[in-house]
Amino acid sequence: MKYPRLRDLEAPARRRLPPFVFAYLDSGTGHDVVRAANRAYYDGMTLTPRFLRGRIDADLSASILGQTYDAPFGVAPIGLSSMIWPGAETILAAAASRNGFPYTLSTVAGDSIENVAAAGGAHTWFQLYATKDKDITFDLLRRARDCGVETLIVTADVPAPSRRERMRIAGAPLGSRGNSSFSPRVIWQSALHPGWALRMAAMGGPKFRNMAPYADRHGNLPITSFIGQQLNGTLDWDYLQDIRAAWPGKMMLKGILDGQDAVRAVGMGVDGLVLSNHGGRQLDAAPHPLERLPAVRAAVGDNVPLVVDSGIQSGLDIVKALVCGADFVLLGRAFMYAVAALGRDGGNHAAAVLLEEVRDVMAQLGVSTIAGLRDVEINRHG
Ligand SMILES: Cc1cc2nc3c(=O)[nH]c(=O)nc-3n(C[C@H](O)[C@H](O)[C@H](O)COP(=O)(O)O)c2cc1C
């Protein structure tokens with residue numbers, strides 16, 4: 001295996017993508033303080049192994065919201081993944097399904113929920129950005145349900161578009177808030193990455209296939225402007241209540257970091273919470289989700305599943321999050337770097353590396369079940 005560690009895939013991903021596209025994937029917000037802190041949090045934690053427990057054949061299966069998966073992790077929603085590699089959404093959905101863990105399709109995906117659910121089957125989750133026009137939200141929910149999706153993630157932590165400074169510096173077209181035209185710089189960067197440019201051209205350019213049907217009905221706005229108009233700052237508690245009433249399946253709220261928000265959400269019938277700082281992309285002073293986990297757990301009790309993401313890039317990180325009390329974890333960029341670097345093979349490669357690493361770390365710790373990880377002692381340094 002040429003890339004046995006997923007973090008090693010960041011460099012080839014950077015090489016294969018034009019700088020403005022790599023910045024889209026990689027950038028945090030502000031000075032990337034939280035982006036860096038997300039990593040440091042995991043690296044600053046050690047786990048005390050226990051020995052003399054014989055041979056450990058770890059069972060990685062984990063249950064969440066009434067479903068049992070073959071692994072305690074899944075793929076986080078990433079908007080416009082197909083700009084990184086054409087068909088990234090179906091590549092990852094198929095890999096997730098094949099390896100027995102969930103894939104979450106973003107509202108602003110490059111592909112439609114219909115195509116992705118066909119590839120991901122019962123392992124497909126759907127992430128909702130509540131739209132200004134509520135009919136669009138309800139139609140998205142209907143479509144997800146018609147495709148057999150059971151688990152919905154409603155994202156709460158994008159109250160406004162954030163400044164992704166490295167995208168600006170790289171000259172990325174910024175949609176409805178910035179210069180949406182393709183500048184000579186973007187064209188030049190694309191020309192210097194002909195592999196990427198040809199793949200995009202063959203696909204007919206990046207598309208927002210999930211949202212496209214609604215844009216067509218709303219006049220002649222470019223789709224990025226239409227999406228910019230529909231999202232951000234739309235979600236409030238009343239709207240969440242409407243979504244809860246409209247969604248018959250399980251529902252999680254993503255981006256929650258505060259105990260009172262958590263209690264209110266659970267009181268409204270939200271089944272689980274994703275503790276996240278959006279990979280450091282929204283507030284450059286947001287706490288690490290694991291730092292907030294004890295307070296949220298104390299607020300909602302033991303029966304509400306708490307999922308964690310932000311900064312997880314290896315099997316060891318996954319285990320650390322579970323030891324800290326997460327019930328399940330999501331990874332965003334780690335899967336995307338793999339697809340950016342390895343194309344169609346990226347999904348299965350990332351899955352194989354992560355499964356092997358989790359198994360190995362559990363054996364080193366002397367723990368054979370995911371539930372048993374709760375008893376591992378954590379030490380922090382730095
Ligand atoms: C390029 C990119 C696009 C994202 N798009 C979405 C999105 O459409 N919906 C959403 O809820 N979160 C989105 N996120 C946040 C991820 O779901 C996840 O919270 C974050 O990537 C976790 O951090 P990690 O990348 O360090 O694993 C995006 C993140 C990245 C990096």
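Reader: How many residues of each class, nonpolar, polar and charged, does the shell around the ligand have?

Author: In this predicted model, where local features need pLDDT of at least 70, side-chain atom pairs count only at pLDDT 80 or more, and totals for chains, interfaces and linings use all residues, the shell has nine nonpolar, 11 polar and four charged residues. Ala, Val, Leu, Ile, Met, Phe, Trp, Tyr, Cys and Pro count as nonpolar, Asp, Glu, Lys and Arg as charged, and the others, Gly among them, as polar. Residues are numbered from 1 along each chain as its sequence is written.

Reader: What makes a residue part of that shell, and which are the closest?

Author: A residue is near the ligand if its C-beta atom, placed from the backbone, lies within 6 Å of it; 24 residues surround the ligand, the closest being Ala76, Gly79, Ser106, Gly279 and Gly332. Two or more residues each come from α2 (19–26) and α16 (333–342), helices here being DSSP runs of H or I with at least four residues, and strands runs of E with at least two, numbered from the N terminus.

Reader: Why is the span of α4 said to agree with expectation?

Author: The expected span is 1.5 Å times one less than the number of residues, so the 12 residues of α4 (residues 88–99) should span 16 Å, and the end C-alpha atoms are indeed 16 Å apart.

Reader: What makes α4 mostly covered?

Author: Nine of its 12 residues are buried, meaning that 20 or more other C-beta atoms lie within 10 Å of their own (12 or fewer would be exposed, and partly exposed lies in between; C-beta atoms are placed from the backbone). Among them are Ala88, Ile91 and Leu92.
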